Amino acid sequence: MKFIRVKAIAKKELIQIWRDPLSLAMAFLMPVMLLFIFGYAITLDVNNLKTVVYDLDKSSLSRELVDSFRASGNFEVVGNIHEQKEIDSYLDSGKAFVVISIPKDFSEKLKTGRDTSLQVIVDGSDSNTATIALGYISAITDMYSQRIKGVRITPLIDPRVRVWYNPELKSRNFIIPGLIAVIMAVITALLTSLTIAREWERGTMEQLISTPVKVPELILGKLIPYFFIGFIDVIFSVLLAVFLFEVPLRGSPLLLMLLSSIFLFGGLSLGILISIVAKSQLVASQISMIATFLPAFLLSGFMYSISNMPKALQIFTLAIPSRYFVTMLKGIFLKGSTLKLLLFETMLLSAFGLFVFAVANKKFRKKVI
Amino acid sequence: MMRSSIAVKVRGLTKRFGDFVAVDNIDLSIKKGEIFGFLGPNGAGKSTTIKMLCGLLLPTGGTGTVGGFDIMKQSEEIKKNIGYMSQKFSLYDDLTVEENIHFFSGIYGVTNSRKKERLGWVLEMAGLQDKRKAVTKTLPGGFKQRLALGCAILHEPPIVFLDEPTSGVDPISRRNFWNLINEMSKAEITIFVTTHYMDEADYCNRLALIYRGKVIAEGTPNELKQKYMTRYVLEVEVDKVVEAMEVMYKNGIETAIFGSLLHATVDNMEKAIPRIKNLLEESNIPLNRIERIVPSLEDVFVALIEVS
């Protein structure tokens, strides 16, 4: 391994990126843009749920309860009903998502200091939203009963959940760190997937492989500039996460950078490997999109919890590098995880990077065919 | 190992792509300091051969050495000792002249003091002193060609392979290019050059003609002319070139078009001249001139192809 050759390649690659507006945009603009778009678009918070009220009590206390639902911003009261059978038509037609039914003796029981209950019907066809709505409902009723002389109102469903790490249950807090992992998985592979293929397409590779340059020198030389680009992208993303999306960064920024470097190495090596195998920029970029985006989005634990997946799929996720990076970022951001806690992820992510780098070296042959 | 005077030696070199035999069992032997021309039409197997010699393509069969290293097993050793200029311009056209030279200096491990000297040499050789900051893609073809040559020999390799270095370059640049090659040869550098321009063959010390993957003739330009042209070449000037050629060809006279002229290859000049005159007259094709000429290498090549 000669340093002078690695340096020559890295420098050349950097000049080429610098002169190509498209490469520059892809390197620096794309990750920030994706973070913006997805960061704002993907939200699991639920607002303005259409709600109808079936108030049999018709007292000032029951109206106060309805007001506190309204005031939360999560529920929008779209109507009042007066008969039991109307509930069905509201829910079936989708005019309402939630029905709050207040019993006749509601205020009477409260005044005499007895427990009372509230019937809440939630449209369960969108189970995700329903679950979230239930969380809101229990929070609102809890607060309400505390306000009214410390009397408890028990909704029919009483999930006693305590939320850790993200107590305000802001979905953005756990989406953004995972999103950074997904975006970086795509960007790293995409960036390097073009470099080798481009040289084959332009014919410059033929000249390059007629020289005494060694394969690891070539690959390393090509990785270095993209490594720094990736590093800058991570810093950008983290700054955006903290200052724009206001996600708390509870762990060590240094650790975050260290682990990101390991991830970058693996992701960039994967792009190089794809580029070596594909030999065409179009094919290489498509393969790298498919090979990184889908697994990172669906199987990394970013959107769907890995522990809920079928066993076979769970095992499969072990081969997906973004899985480890998602855990690392969520851990460092929200839990303030230390290296010790992330040791398993760190080891497997390093192993992935070294393996892919080795395969890329093996696959690259200094021959034209 | 004794320092041999042979730079390149191969026996039975063969390359197959599936059923297609691109290079068919060729033998070559090139002395140090020689300008060796490898001539043939497009698709004859020139580039395939040159790539096998440079270690860019693994031969299907054959044995041999380039610079003393085995072509089958030591392609990376070979790459340290050669300069290769591919058929297509293959420098980085989004880099400047100087950046390209710096890049290849780094790749070939040409270090600081030597690097500066070589940079100056390439710029001067290619006539690019005042264009060193120009982005390569803006350069005219001839400059690109010389820059590519310069980058390929930055490390002063003893053997240089040039694959159609003059294709697509204007005639004046072509001549300059051959002057450069001549100078390199004087410095004991072995040059293996392919071309499909027959008129360039006379610049070479020795030649091999390749056709459909086979070497069909080999020797110095003069040897080739004498050895393979035992017959006579007649230059025929007519207005209706195509019609005249058809008539002559139908009557069994080997004829080829050379620009606006016809060249007929015959065994017996005394009998052939009146016969051609008669044939043309019968077909109402006026004959302006017919005379014997010294065969060019192109005639040799056409004659050889007719035979094979």
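**Exercise 1.** Which residue in β4(B) does Lys9(B) stand opposite? Place this residue pair within its sheet.

*Solution.* The coordinates belong to a predicted model.

Step 1. In β4(B), the residue opposite Lys9(B) is Thr65(B).

Step 2. Consider next the strands concerned. Strand β1 of chain B covers residues 6-17 and strand β4 of chain B covers residues 61-66; five bridges join them in the antiparallel sense.

Step 3. Extend the view to the sheet. In chain B, four strands are arranged in the order β2-β1-β4-β5, forming an open sheet with antiparallel pairing. Its edges are β2 (20-31) and β5 (69-70) of chain B, each of which pairs on one side only.

Step 4. Add the helix. Helix α1 of chain B, residues 46-53, lies across β1, β2 and β4 of chain B, and its direction makes an angle of about 120 degrees with β1(B).

**Exercise 2.** Determine which parts of chain B are tied together by the salt bridge between Asp27(B) and Arg11(B), and classify the accessibility of Asp27(B) and of Arg11(B).

*Solution.* Step 1. The closest N and O atoms of Asp27(B) and Arg11(B) are 3.1 Å apart, and the two residues form a salt bridge.

Step 2. Asp27(B) belongs to strand β2 of chain B and Arg11(B) to strand β1 of chain B, so the pair ties together parts that are 16 residues apart in sequence.

Step 3. The class "partly exposed" runs between 20% and 50% relative accessible area. Asp27(B), at 36%, is therefore partly exposed, and Arg11(B), at 47%, is likewise partly exposed.

**Exercise 3.** Are Arg174(B) and Glu200(B) buried or exposed? State also what their salt bridge connects.

*Solution.* Step 1. The side chains of Arg174(B) and Glu200(B) meet in a salt bridge with an N to O distance of 2.9 Å.

Step 2. Arg174(B) lies in helix α6 (residues 171-186) of chain B, whereas Glu200(B) lies in the loop between β8 (190-195) and β9 (206-211) of chain B; the pair therefore ties together parts that are 26 residues apart in sequence.

Step 3. Arg174(B) has a relative accessible area of 13% and is buried. Glu200(B) is buried as well, with a value of 1%.

**Exercise 4.** Identify the network of salt bridges to which Lys12(A) belongs.

*Solution.* Step 1. Lys12(A) forms a salt bridge with Glu13(A), with 3.2 Å between the closest N and O atoms.

Step 2. Lys12(A) is buried at 2% relative accessibility, and Glu13(A) is buried at 1%.

Step 3. The network links Lys12(A), Glu13(A), Glu199(A) and Lys222(A). Over all chains, the structure holds 32 salt bridges.

Definitions and conventions. Residues numbered from 1 in each chain as written. Chains lettered and ligands numbered in written order. Predicted model: local features only at pLDDT ≥ 70, side-chain atom pairs only at ≥ 80, totals over all residues. Heavy atoms only, no water. Pairing = 2+ DSSP bridges. Helix = DSSP H or I, 4+ residues; strand = E, 2+ residues; numbered from the N terminus. Contact = heavy atoms within 4.5 Å. Axes fitted to C-alpha atoms, helices over the stretch in contact; angles between N-to-C directions. Salt bridge = Lys/Arg side-chain N within 4 Å of Asp/Glu carboxyl O. Buried < 20%, exposed > 50% of the residue type's maximum accessible area, 1.4 Å probe, protein only.
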